[in-house]
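Please look over the following model with attention to how one helix is packed and where enclosed space remains. The briefing is grouped by topic.

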Amino acid sequence: MGTWDTGHFDNDSAADFSGAIDDKPEAEREAVIRNALTDAIEADYLDSDEGAPAVAAAALVASQCPGGEPVTTPYGPDNPLPVLATDLRPLAVKALDAVLGENSELRELWDDAGDKEWAPGIARLREVLVAAAG
């Protein structure tokens, strides 16, 4: 995983995920997001190349929630997203739980790096999603 910073899109896998969204017609963009979340939830061991897109997908879902922050990074999707289905919110929470879980390479990599910003950033994202999934 090429990591640049602790932001939700600040790595190669998340930037590639954004490109995959942009490559789809607007009507198919939600499916790309849903697939990234589902892949993370269903993984026995969550590889960082699956975990990073799940975080980015969760950030996109959260951006449409009350209290969510807009995705303004140049590494996010360039093309507009449709209004996302609200059933993505609990999926995003589950995906973030997988990313923060014991079987997550992404969490292991950040723990090994001794970073103090990444996990709290994920936790804040999760809080927005939990409140909106209510």
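On the other side of helix 2 from its buried face, Ala27 and Glu42 are exposed (over 50% relative accessible area with a 1.4 Å probe, protein chains only; buried is under 20%). The model is predicted, so local features need pLDDT of at least 70 and side-chain atom pairs count only at pLDDT 80 or more, while totals for chains, interfaces and linings use all residues. Residues are numbered from 1 along each chain as its sequence is written, and side-chain values use heavy atoms, with hydrogens and water left out.

**Helix 2**
- Helix 2 (residues 26-42; helices are DSSP runs of H or I of at least four residues, numbered from the N terminus) has 17 residues.
- Arg29, Glu30, Val32, Ile33, Ala36, Leu37 and Ala40 are buried in helix 2.
- Viewed down the axis of helix 2, these buried residues fall within an arc of 155 degrees (taken from the directions from the axis to the C-beta atoms), so they line one face of the helix.
- Their cover includes helix 1 (12-22), helix 3 (48-63) and helix 4 (88-100).

**Ala95**
- Ala95 lies in helix 4, and counts as buried because its relative accessibility is 0%.
- Leaving aside neighbours within four places in sequence, Ala95 is in contact (heavy atoms within 4.5 Å) with Leu37, Ala40, Ile41 and Ala54.

Note on methods. Helix = DSSP H or I, 4+ residues; strand = E, 2+ residues; numbered from the N terminus. Expected span 1.5 Å × (residues − 1).
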